[in-house]
Structure formats: C-alpha cells, structure tokens
Amino acid sequence: MDDKRFWDRYSKNYSALMRRSERMYLQIHKAIRPFLKRDMDVLELACGTGQLSVPLSPYVRTWEATDFSPEMVTQAKKQLHTSRLHFSVQDATKLPYGPESFDAVVISNALHIMPQPEKALSEAWRVLKPGGFLFAPTFVWGNGRWAGFRLWVMGLSGFHVYHRWTAGKLMAYLSERKYAIIHHQLLGSKYAPLCCLIARKIPPESVQHSKTPGNAG
C-alpha cells in the first residue's frame with residue numbers, strides 16, 4: 001500500500017485516533033500560539049483533518065491548510081471552522097504558491113513519515129518570507145525496546161516511518177537546510193517523544209550582513 005492510499009484509508013477514523021493525543025496537541029497549540037499575529041498568512045502542510053488548523057486559524061489573517069490525501073481534506077472540511085481557514089489538496093514537495101508568500105509554515109508530525117522531507121523543507125523555505133516561522137512538531141526516536149516494538153506494530157498496519165531522528169539529529173537536519181532553531185521542547189513519553197520545534201527563515205546573506213563590523217546603527 002502506498003502512503004497516499006494508507007492515509008485515505010484511515011481518514012475517517014483519524015480524528016478519533018488523534019483525540020488520544022489531545023493533551024499533546026494542546027501543548028503544541030500553547031507553544032505556537034504566541035508567535036501568531038492577526039496580519040499573518042500561514043501555510044500548513046500535512047494538515048490531516050485539521051487538528052492544528054481549526055483551533056489556530058482564528059488568530060491569523062489567512063490559514064491555507066493542505067494535505068496530499070484527498071480523503072483527509074474531505075474529512076477536514078467537515079470540521080466547523082472560521083472563514084480565515086481554507087483546505088486544499090497539495091503535494092508538499094511541489095507547492096503552487098509563489099516565493100515569499102507566507103509568514104509561517106506549519107508541518108506537524110509529518111517530516112519523519114516523508115520519503116524525502118528535504119523537498120518539503122526546500123519548498124517551505126521558498127514560500128516563506130524572510131524571517132518567517134517554521135513550526136515543525138515532529139515525533140522523534142524514543143528510548144528502549146518499547147520504542148522499537150511500537151514502530152514494528154505500526155509497520156504491520158502499513159504506517160511507514162522513513163526517518164528515526166533523535167531530537168538532536170532532527171534539529172541538525174533543519175539547521176543543515178538553513179533554518180535557525182529558536183525553540184524546542186520535548187513532549188509526550190520517553191517511548192514516543194515529540195520534539196516541538198520552531199525555527200525561522202534567516203537568509204545566509206542576512207546573517208553575514210549582521211556580522212559585518214560597522215553595520216550597527
């Protein structure tokens with residue numbers, strides 16, 4: 001079963017499954033909310049059925065929530081939501097938006113299950129405005145045998161984890177792709193931890209310019 005068929009198949013039960021992680025999502029909301037402003041345009045990749053889109057979209061100007069699974073988007077549209085929120089089917093690695101179109105990009109619980117997350121991060125960088133935020137809460141590799149057992153059980157259902165990052169390796173992965181990490185926090189259990197990661201698009205030329213003597217004032 002390919003990834004899109006897997007997520008289409010589970011779309012009707014996805015919201016119910018995510019209710020088990022309600023406490024964690026509340027913590028993610030709490031981490032992201034202070035960075036959102038009314039004049040911001042936000043793009044969300046891999047939005048699922050709207051676990052972050054619906055509660056956070058009222059705090060910004062527009063929220064474009066996307067997923068590559070048509071059935072996930074169909075289920076997401078059934079949620080009660082503000083007119084600021086729009087759902088659509090998009091491929092995170094080939095986005096239709098112009099350069100520097102968004103003030104923030106959200107990609108939650110998805111980088112580790114993407115075969116080529118570097119392509120999604122490259123597209124996120126392209127559509128982000130300079131200084132824009134990347135919110136990337138991501139499940140990372142836990143400790144002990146139970147972490148491996150959990151992954152094995154997930155694999156039996158068709159759920160494929162392509163990348164087994166630790167929190168440190170995940171941060172290094174984003175840093176290598178030019179993102180400046182400004183916040184990280186581990187949530188959940190030691191067997192299935194989530195790294196709530198927030199970064200910014202700081203172009204290399206801006207960093208270089210700020211380090212040049214005589215530019216202050």
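Buried means under 20% relative accessible area, exposed means over 50%, and partly exposed lies in between (1.4 Å probe, protein chains only). The views below come from a predicted model in which local features need pLDDT of at least 70 and side-chain atom pairs count only at pLDDT 80 or more, while totals for chains, interfaces and linings use all residues. Residues are numbered from 1 along each chain as its sequence is written, and side-chain values use heavy atoms, with hydrogens and water left out.

**View 1. Arg126 meets Glu123 within helix α5.** Here the two side chains form a salt bridge, with N and O 2.8 Å apart. A salt bridge is a side-chain nitrogen of Lys or Arg within 4 Å of a carboxyl oxygen of Asp or Glu. Both residues belong to helix α5 (residues 117-127), where 3 residues, about one turn of the helix, separate them. Helices (H or I, at least four residues) and strands (E, at least two) are DSSP runs, numbered from the N terminus. Arg126 counts as partly exposed because its relative accessibility is 26%. Glu123 is at 12%, so it counts as buried.

**View 2. Asp41 and Arg61 link distant parts of the chain through a salt bridge.** The closest N and O atoms of Asp41 and Arg61 are 2.9 Å apart. Asp41 sits in strand β1 (residues 41-45), whereas Arg61 sits in the loop between α3 (53-56) and β2 (62-67), 20 residues apart. How accessible is each partner, Asp41 and Arg61? Asp41 is buried, at 14% relative accessibility, and Arg61 is partly exposed, at 40%. Side chains of opposite charge can pair when their charged atoms come close.

**View 3. Glu176 pairs with Arg177.** In this salt bridge the closest N and O atoms are 3.4 Å apart. Glu176 counts as exposed because its relative accessibility is 61%, while Arg177 is partly exposed at 26%. How many salt bridges does a search of the whole structure find? The search finds 4.

**View 4. His29 is buried in helix α2.** Look for His29 in the helix that spans residues 22-32. Its relative accessible area is 16%, so His29 is buried. Which residues does His29 touch, not counting residues up to four places away in sequence? They are Gln51, Leu52, Pro55 and Leu56, where contact means heavy atoms within 4.5 Å.

**View 5. Strand β8 is largely enclosed by the rest of the structure.** This strand covers residues 194-201, and 7 of its 8 residues are buried. Two strands pair if DSSP finds at least two bridges between them. Strand β7 (residues 179-187) runs antiparallel to β8 and is joined to it by 8 bridges; one of the partnerships here is Leu187 with Leu194. Strand β5 (residues 128-135) is also antiparallel to β8, with 3 bridges, and Phe133 has Arg200 as its bridge partner. Strand β6 (residues 138-139) adds 2 bridges, again antiparallel, with Thr138 partnered by Cys195.

**View 6. Residues 207-217 have pLDDT under 50.** pLDDT is the predictor's confidence in each residue, from 0 to 100. The chain averages 82, and 75% of the residues score at least 70. For residues 207-217, the model has 2 contacts beyond four places in sequence. Where pLDDT is low, the predicted coordinates should not be read in detail.
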